[in-house]
Each structure stands twice: as structure tokens, then as C-alpha cells.
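Okay, thanks for making room for me today. Let me put the structure up, and then I'll walk you through how its pieces pack.

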Amino acid sequence: MLAELARLWDQAVHPVGHHGEQVTQDRLAAQAKVPKTTVNSWSTGKSLPRDVDQLTKVGEVLAA
């Protein structure tokens, strides 16, 4: 699951094509309604996702 989220994050950070929008940590946190510090800690590896609900919300936003 974490590998898939990492792939989605990489895809979101480096959009392909003219219509791809880059996803920032601020935007991801706002759309998933997860604290920015949580998203930042996950993306930098400072902490592992422990809250499944937050992780699911972030995954849903990335997949969209």
C-alpha cells in the first residue's frame, strides 16, 4: 500500500502532459483534510502513517 502511495505521490509531483497539475503538500493536505505537518512527515520519512483514515484520504486524493 505504501509503495502504491509513493508511486502516486511521484506521479502527482511530476505530472505528465500539458494538463497535469503538480500536487504540493499544502494542496494535498487541504484536499485530504489532513494536517500539513502529517503529510510532510510522511513524505520526508520522519514518521510512518499510523492513522488508516488519514492515509486513505491522502490515497484517494492522489488517485484522483
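When I say element here, I'm talking about DSSP runs: helices are H or I runs of at least four residues, strands are E runs of at least two, and both get numbered from the N terminus. One caveat before anything else: this is a predicted model.

So, with that in hand, the protein chain reads α-α-α-α starting at the N terminus. That's four helices and zero strands. There are 64 residues in the protein chain, and 28% of them count as buried. If you take the contacts with a separation of 6 or more, 38% of them come from residues 24 or more positions apart.

Now, the inside. In soluble globular proteins, nonpolar side chains tend to be buried together. Here the largest nonpolar core has 14 residues, and the ones touching the most other members are Leu28, Ala32, Val34, Val39, Val58 and Leu62. Who contributes? α1 (2-13), α2 (25-32), α3 (36-44) and α4 (52-63) each put in at least two residues. The largest share is from α4, with four residues.

Let's zoom in on α2. Which of its residues are buried? Gln25, Leu28, Ala29 and Ala32 are. They sit on the same side of α2, because they span an arc of only 95° around the axis. That fits the usual rule: an α-helix has 3.6 residues a turn, so residues three or four places apart point the same way. Right after α2 ends, Lys33 has a positive phi of about 60°.

Next, the α2 and α3 pair. Their axes come within 8 Å and cross at roughly 125°. Angles from 65 to 115 degrees would be roughly perpendicular and those over 145 roughly antiparallel, so α2 counts as oblique to α3. The crossing is right-handed. On the α2 side the contact uses Gln25, Asp26, Leu28 and Ala29, and on the α3 side Lys36, Val39, Asn40 and Ser43. Val39 is a good one to click on: skipping neighbours within four places in sequence, it's in contact with Gln25, Leu28, Ala29 and Val34.

Last stop, Gln54, which is in helix α4. What does Gln54 contact, leaving aside neighbours within four places in sequence? Val34, Pro35, Thr38 and Trp42. And back to Lys33 for a second: Gln54 and Lys33 are 21 residues apart in sequence, with their C-alphas 8.1 Å apart in space.

That's my tour, happy to take questions.

How values were computed. Residues are numbered from 1 along each chain as its sequence is written. This is a predicted model: local features need pLDDT of at least 70, side-chain atom pairs count only at pLDDT 80 or more; totals for chains, interfaces and linings use all residues. Side-chain values use heavy atoms; hydrogens and water are left out. A nonpolar core is a set of buried Ala, Val, Leu, Ile, Met, Phe, Trp, Tyr and Cys residues joined through side-chain atoms within 4.5 Å. Buried means under 20% relative accessible area, exposed over 50%, partly exposed in between (1.4 Å probe, protein chains only). Contact means heavy atoms within 4.5 Å. The arc is that of the directions from the helix axis to the C-beta atoms. Axes are lines fitted to C-alpha atoms, for helices over the stretch in contact, and angles run from 0 to 180 degrees between N-to-C directions. Angles under 35 degrees count as roughly parallel, over 145 as roughly antiparallel, 65 to 115 as roughly perpendicular and the rest as oblique. A crossing is left-handed if the near helix is turned anticlockwise from the far one by less than a right angle, and right-handed if clockwise.
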